[in-house]
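Q: Please take a close look at one small part of this model and then place that part within the rest of the chain. I would like one connected account, with the computed values given as they stand.

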Amino acid sequence: MNVPVRALRALDILRAENSGVVAIEFALVAMMFLTILAGTVDLGILIYVEEKLDTAVAAGAEYAEANAANVNSSGGSNLAAAIAGVVANANGSGWANSGVCVNNGPTAAVNGSAPACSGTASNADSSYCPSGSPPSWSWGSAETPGSACSGGGIAGKFVAITVSRNISPIFPSFGFVQNGTISQSVLVQTQ
């Protein structure tokens, strides 16, 4: 079958013409590159926030250790409020939400809620063997100070600290952030 000469010339012209190819290739590569760049920036922001939350929890834990003598019924409320303020403002005023529970007794929160505890000041004078995982600690019943805990460890006085920050990731479907919040918790044995 003979192809008409005009058709062959038209094919030669189309084959030689490539002025729009560069724009199409750029559009395809640019979309892929920008998606990868946005994902990298998103992951970087999440890691940055996580590190700042770790720093805030560490600051609260250090404050709890330095003021361990106040883990009692008379100083527990003031200690809880002071730790909550230190944690919430560790990276700037009102940067995060924080909650503190001093030995299953006094609680304090800044822009958030305190970890679960009974909230009575007299509990701060007892010793406990907390169990569970953050931020849902189970305090159990009062124990003899220094006695062995059934799950390991020694009964004593503890401060539970939780800090969180709301964040809206670019790609929420990857599951790095649950319910728009990143949080950190720690349980510090003070005595």
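A: At a relative accessibility of 39%, Ser 138 counts as partly exposed, because that class lies between the limits of 20% for buried and 50% for exposed. This value, like the others given here, is computed from a predicted model. Ser 138 belongs to strand β4, which covers residues 136–138. When neighbours within four places in sequence are set aside, Ser 138 is in contact with Cys 129, Pro 130 and Ser 131. Its C-alpha also lies 8.0 Å from that of Cys 117, although 21 residues separate Ser 138 and Cys 117 in sequence.

Two of these contact partners of Ser 138, Cys 129 and Pro 130, lead on to the largest pocket, where they are among the lining residues closest to the centre, along with Cys 149, Ser 150 and Gly 151. That pocket holds about 150 Å³ of space, and its lining consists of 13 residues, which divide by class into 5 nonpolar, 7 polar and 1 charged.

A second serine offers a contrast in setting. Ser 164 is found in strand β5, and it counts as buried, because its relative accessibility of 15% is under the 20% limit. Beyond its neighbours within four places in sequence, Ser 164 is in contact with Leu 53, Ala 96, Asn 97, Thr 181, Ile 182 and Ser 183. The burial of Ser 164 fits the strand that holds it, since 7 of the 9 residues of β5 are buried and the strand is mostly covered.

β5 takes part in an open sheet of 4 strands, in the order β2-β1-β5-β6 and with antiparallel pairing. At its edges lie β2 (107–110) and β6 (181–189), each of which pairs on one side only, and neighbouring strands are turned by 10° against each other on average, with direction ignored. Across the sheet, 4 bridges join β1 (residues 97–102) to β2, 6 join β1 to β5, and 9 join β5 to β6. Individual positions can be matched in each pair: Val 100 stands opposite Ala 108 in β2, Val 102 opposite Val 159 in β5, and Arg 165 opposite Ile 182 in β6.

Two helices lie across this sheet. Helix α2 (residues 21–66) lies across β5 (158–166) and β6, and runs at about 25° to β6. Helix α3 (residues 76–88) lies across β1, β2 and β5, and runs at about 155° to β1. Leu 53, one of the contact partners of Ser 164, falls within the residue range of α2.

For the chain as a whole, the secondary structure comes to 3 helices and 6 strands, and along the sequence these follow the pattern α-α-α-β-β-β-β-β-β. Buried residues, a class that includes Ser 164, make up 32% of the 191 residues. Among contacts between residues at least 6 apart in sequence, 55% join residues at least 24 apart.

Key: Residues are numbered from 1 along each chain as its sequence is written. This is a predicted model: local features need pLDDT of at least 70, side-chain atom pairs count only at pLDDT 80 or more; totals for chains, interfaces and linings use all residues. Side-chain values use heavy atoms; hydrogens and water are left out. Two strands pair if DSSP finds at least two bridges between them. Helices (H or I, at least four residues) and strands (E, at least two) are DSSP runs, numbered from the N terminus. Axes are lines fitted to C-alpha atoms, for helices over the stretch in contact, and angles run from 0 to 180 degrees between N-to-C directions. Contact means heavy atoms within 4.5 Å. On a 1 Å grid over the protein atoms alone, a cavity is a set of points where a 1.4 Å probe fits but cannot get out, and a pocket is an open set with protein on both sides within 12 Å along at least five of seven lines; lining residues have an atom within 4 Å of a point. Grid points are joined across faces, edges and corners, and a volume is the space filled by probe spheres set on the points. Ala, Val, Leu, Ile, Met, Phe, Trp, Tyr, Cys and Pro count as nonpolar, Asp, Glu, Lys and Arg as charged, and the others, Gly among them, as polar. Buried means under 20% relative accessible area, exposed over 50%, partly exposed in between (1.4 Å probe, protein chains only).
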